[in-house]
Amino acid sequence: MKDGRKKRGCRSSLALILTLLLLARLAGATEIRAAAQWIRLRKGWIIEQLHLTRKSVPCQGTYAYALERIDAQELLEVVAGCLTRWEAAERCENEASRLSNLAGKQEKQYVAVDGKTLRGTLGHESVTQPSVHVLSVYEVRTGVVLAQRSVAEKENEITAVKELLTPVYVRVSGLDG
């Protein structure tokens, strides 16, 4: 992933920051403040388990600053790719031929498209601030979001989904042999 922060003054890698935030989220932290506190309370254990050379962890401001400067779509693609590879490895075990050629006896994958209005997400903005509308494409069985983008309030979701559904995600049954 591209780190949007300036190199000068960066003490923690983006990979470490995202890993720590993921651990905190898996533990139930839903806000950056709570995640930073969770990480700070487990600092010794985290440093030991991750074999960190620094004896400190980032502060709440560092997490917020780093998250403001990353591309959410790129992060989504990286995480979806990691989960997809992990799932493929679990399904295929050590059979390298099945990993490289995912045809054959692989289960069919189904994706769904869902649009949501994120209400209450802009509590710091004025009352006249429009809500954020997000269109997501996700894999049904695992719930992994494959693609996501915001859409205009009056934009038709059906026309917006065309750019999200690429040939990578869609294979028409009966046309592929």
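**Exercise 1. Decide whether K43 is buried, partly exposed or exposed, and find which element holds it and how far it lies from K55.**

Solution. The model is a predicted one, and the values below are computed from it. K43 has a relative accessible area of 34%. Buried means under 20% and exposed means over 50%, with partly exposed in between, so K43 is partly exposed. As for its place in the chain, K43 is found in helix α3. The last step is the distance to K55: the two residues are 12 apart along the chain, and their C-alpha atoms are separated by 8.4 Å.

**Exercise 2. Describe how the protein chain is built up from helices and strands, and state what share of its residues is buried.**

Solution. Begin with the count, which gives seven helices and three strands in the protein chain. Next, follow the order from the N terminus on, which reads α-α-α-α-α-α-β-β-β-α. Finally, turn to accessibility: of the 177 residues in the protein chain, 23% are buried.

**Exercise 3. Work out how α1 and α2 are each set against α4, using the angle, the distance between axes and the hand of the crossing.**

Solution. Take the pair of α1 and α4, whose axes are 11 Å apart and which pack at an angle of about 110°. Angles from 65 to 115 degrees count as roughly perpendicular, and α1 and α4 are therefore roughly perpendicular to each other. The crossing in which α1 passes α4 is left-handed.

Now take the pair of α2 and α4, whose axes come within 9 Å and cross at roughly 130°. This angle belongs to neither the parallel, the antiparallel nor the perpendicular class, and α2 and α4 are therefore oblique to each other. The crossing in which α2 passes α4 is right-handed.

**Exercise 4. Characterise the second largest pocket by its volume, by the residues closest to its centre, and by the elements and residue types of its lining.**

Solution. The volume of the second largest pocket is about 690 Å³. Its lining consists of 20 residues, and those closest to the centre are L18, L21, L22, L75 and V79. To see where the lining comes from, look at the helices: α1 (14-26), α2 (32-41) and α5 (72-92) each supply at least two of its residues, and α1 gives the most, with eight residues. Sorting the lining by type gives 16 nonpolar residues, two polar ones and two charged ones.

**Exercise 5. Explain what stands out in the backbone of H51, and determine where this residue lies and whether it is buried or exposed.**

Solution. Start from the general expectation, which is that most residues other than glycine have a negative phi. H51 is not a glycine, and yet its phi is positive, at about 50°. The residue is placed in the loop between α3 (43-49) and α4 (60-68). Its relative accessibility is 68%, and because exposed means over 50%, H51 counts as exposed.

**Exercise 6. For C10 and S131, find the segment or loop that holds each residue, its accessibility class and its C-alpha distance to a residue elsewhere in the sequence.**

Solution. C10 is found in the segment before α1, and with a relative accessible area of 32% this residue is partly exposed. Its partner here is T62, which is 52 residues away in sequence and 9.1 Å away in space, taken from C-alpha to C-alpha.

S131 lies in the loop between β1 (111-118) and β2 (132-139), and at 32% relative accessibility S131 counts as partly exposed. Its partner is A152, which is 21 residues apart from S131 in sequence, while the C-alpha atoms of the two are 9.5 Å apart in space.

Methods. Residues are numbered from 1 along each chain as its sequence is written. This is a predicted model: local features need pLDDT of at least 70, side-chain atom pairs count only at pLDDT 80 or more; totals for chains, interfaces and linings use all residues. Side-chain values use heavy atoms; hydrogens and water are left out. On a 1 Å grid over the protein atoms alone, a cavity is a set of points where a 1.4 Å probe fits but cannot get out, and a pocket is an open set with protein on both sides within 12 Å along at least five of seven lines; lining residues have an atom within 4 Å of a point. Grid points are joined across faces, edges and corners, and a volume is the space filled by probe spheres set on the points. Helices (H or I, at least four residues) and strands (E, at least two) are DSSP runs, numbered from the N terminus. Ala, Val, Leu, Ile, Met, Phe, Trp, Tyr, Cys and Pro count as nonpolar, Asp, Glu, Lys and Arg as charged, and the others, Gly among them, as polar. Buried means under 20% relative accessible area, exposed over 50%, partly exposed in between (1.4 Å probe, protein chains only). Axes are lines fitted to C-alpha atoms, for helices over the stretch in contact, and angles run from 0 to 180 degrees between N-to-C directions. Angles under 35 degrees count as roughly parallel, over 145 as roughly antiparallel, 65 to 115 as roughly perpendicular and the rest as oblique. A crossing is left-handed if the near helix is turned anticlockwise from the far one by less than a right angle, and right-handed if clockwise.
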